[in-house]
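Me: I would like a close look at a single part of this structure, namely the place where the two chains touch. Could you take me through it slowly, and then show me how it fits with what surrounds it?

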Amino acid sequence: MPSFKRPKALADVPTSYCPGCTHGVIHRLIAETIDELGIEGKTVGIAPVGCSVLAYNFFNCDMIQAPHGRAPAVATGVKRAIPDNVLFTYQGDGDLAAIGTAETVHAAARGENITVIFVNNAIYGMTGGQMAPTSLPEQVTQTSPYGRDIKSAGFPIKVCELLSTLDGVAYAERVAVDSVKNIRNAKKAVKKAFEAQIAEKGFSIVEIISSCPTNWGLTPVDALDWLRDNMLPYYPLGIYKDKTS
Amino acid sequence: MSERVLMKGNEALAEAAILAGCRHFFGYPITPQTELAAYMSKRLPKVGGVFLQAESEIAAINMVQGAAAAGVRAMTSSSSPGISLKTEGISYMCGSNLPCVIVNIQRGGPGLGGIQPSQADYCQAVKAPGHGDLHILVSAPATVQEMVDLAGKAFDLADKYRMPAMILADGMLGQMMEPVVLPGEPAGPLPKKEWAASGHNNGRPKNIINSLYLDPYMLEESIKKRYERYKIIEENESLHENYLADDAEIVLVSYGATSRVAKAAINMARGKGIRAGLLRPLTLYPFPKKAVAEAAKTAKAFISVEMSMGQMVDDIRLACDCSVPVEFFGRTGGVIPNVDEILGFIEKTDRRYK
Ligand SMILES: Cc1ncc(C[n+]2csc(CCOP(=O)(O)OP(=O)(O)O)c2C)c(N)n1
Ligand code: SF4
């Protein structure tokens, strides 16, 4: 790599993310993909409610800010109106797997030809660290101060496993952004998901295991260790569905 | 197309939407709007449009939001319990300055209520169709022909003012068959929406559709700008029918299907020598305040006649500055008031204010 430049699709503005948060890395992977596929002019991104709510300021393509959890429905409306455009949603775990579960599952079941970038950080970041649908058993959060008690709070949702049972899903992969190797792999997955959409294969989702140093109460480096030690065993990386070839 | 055809209210409204250039419909089944969605599912694919049955009313309004953000004319229809679910999306669309048309074929509430005609969503529609400082355009047809005419107008005004427009009808109008004259299709292409998020094609700065302002002063500013638009709307867009109200001492204010029964009662009252008349709002937001104030000059009393517990009464009081007493007669829960009981109330009111 001769030089490390800002991707064209990534706006030259300060982000709202905490230092050491991996949201920024994920933004970069999406922007690189948009650049490489040459699709900025026809891409419309949907920002969620969550830490990435301001994503509409961070990408240079047209952007829409959706109500909490509704990004897949909003993306559906856009895609049905202008089917030749490329649509992506960017959603956290509370947004996608709690309040927006129905919108997610049904967009997937319809085989809606959109790409979902799902940032799983096992917590509600924006609101200050409450238990998320993906918080791990025993995980201490603001609203599970004694650790997530599965007897009362139930089990975390494994989104890729769940969605891969649906016929409308063309591509589902879980990746992580904790190491150079995994980030490279994550980039490949993001690109493959966009390509699946461009080839009109149906619904594509990349679940990205991400860190939240602020609400996990860890340094950025320790947060990545925590991610590796606790999240990756529960959320195995890999391709869960691939109908693209 | 200018010959008269016999159509059900729900179907006529659907056809009028298509003739107004709407090619995108998103909905979720509910009685009594059923025929509207069924008609759309049959017709839209034939004209290159999209009919999509969503997983919920929440999803449906958000699909409308997406399609509207992409710059096309989009609509959804539902009935009372489903409209409650749409309020989140309606609020976002107001905050994002997005046009769309929402049809509420009202039924009795609260809760699951009933499936018979009602006007009990008046306050929801005109006071709080979503959270925040906002309004949506609300029109109230009383005939199948008006279902057609007000649908076309709703799309035009929604685009003009960049805000949602609601057609507030009821199960009676939706199901009833009447002859209608359908309009022609728009002469040329619809005006282009330069603000739409439909891909910048590397040819313009990016567009953002958004309702979030973290700076309270900027949010206040955006709301105030929107309220300037509301003021223009309140001055220019109210519609009403005046039926024998010019010399009326007893002025009924009634809209939608109920106003048809009210009219019949007024005719009978006139036969009995009572100077009764009707002011019929065709728009509920904006409310025809000036017409009410004008009628107050000759009226001894207003009677609000509604299929609700009197949700419109305060608006009449405000419009006439409480200069004339406002009585109320209504049935609710899906019960349609009959001519005799309205006539009886007119007579009683006439005696009281002699
Ligand atoms: C309807 C609604 N309910 C609740 C909220 C408050 N809220 C804002 S962000 C958020 C959680 C977001 O968490 P997640 O999706 O995991 O994203 P993260 O912030 O971790 O990136 C919640 C509950 C809201 N904005 N709207
Ligand atoms: S709160 Fe967590 S997820 Fe949100 S920006 Fe900060 S570190 Fe990232």
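Reply: In this predicted model, the contact draws 29 residues from chain A and 35 residues from chain B. On the side of chain A that touches chain B, the elements giving two or more residues are β1, β2, α3 and α5 (101-109) of chain A. Among these, α3(A) supplies the largest share, with eight residues. Sorted by class, this side of chain A holds 15 nonpolar, eight polar and six charged residues.

Strands also take part in the meeting of the chains, since β2(A) pairs with β9(B) in the parallel sense over two bridges. Within that pairing, A:I64 has B:I209 as its bridge partner in β9(B). As general background, the strands of a sheet pair through backbone hydrogen bonds, and they may do so in a parallel or an antiparallel way.

Following the strands further, one finds an open sheet of eight, with mixed pairing, in the order β7(A)-β5(A)-β6(A)-β4(A)-β3(A)-β1(A)-β2(A)-β9(B). The edges are held by β7 (238-242) of chain A and β9 (208-209) of chain B, each of which has a single partner strand, so one side of each is left without a neighbour in the sheet. Helix α3 (residues 71-81) of chain A, the helix already met at the contact, packs on this sheet and touches β1 (43-47), β2 (62-65), β3 (86-92) and β4 of chain A, while its direction makes about 175 degrees with that of β3(A). Elsewhere in the sheet, strand β4 (residues 115-120) and strand β6 (residues 203-209), both of chain A, run parallel and are joined by six bridges; there A:I117 stands opposite A:V206 in β6(A).

It helps to set this beside chain A as a whole, which has 10 helices and seven strands. The radius of gyration of chain A is 17 Å, close to the 18 Å that the globule rule gives for 245 residues, so chain A is as compact as a globular protein of that length. Of its 245 residues, 56% are buried, and among contacts between residues at least 6 apart in sequence, 68% join residues at least 24 apart.

Finally, there is ligand 1, which has 17 residues around it, with A:G50, A:G92, A:G94, A:G125 and A:M126 coming nearest. Helix α4 (residues 93-99) of chain A gives the most to this shell, with three residues, and the shell as a whole divides into seven nonpolar, eight polar and two charged residues.

Terms used. Residues numbered from 1 in each chain as written. Chains lettered and ligands numbered in written order. Predicted model: local features only at pLDDT ≥ 70, side-chain atom pairs only at ≥ 80, totals over all residues. Near = placed C-beta within 6 Å. Helix = DSSP H or I, 4+ residues; strand = E, 2+ residues; numbered from the N terminus. Nonpolar A, V, L, I, M, F, W, Y, C, P; charged D, E, K, R; others polar. Rg over C-alpha atoms; globule rule 2.2 N^0.38 Å. Buried ≥ 20, exposed ≤ 12 C-beta atoms within 10 Å, placed from the backbone. Contact = placed C-beta atoms within 7 Å. Pairing = 2+ DSSP bridges. Axes fitted to C-alpha atoms, helices over the stretch in contact; angles between N-to-C directions.
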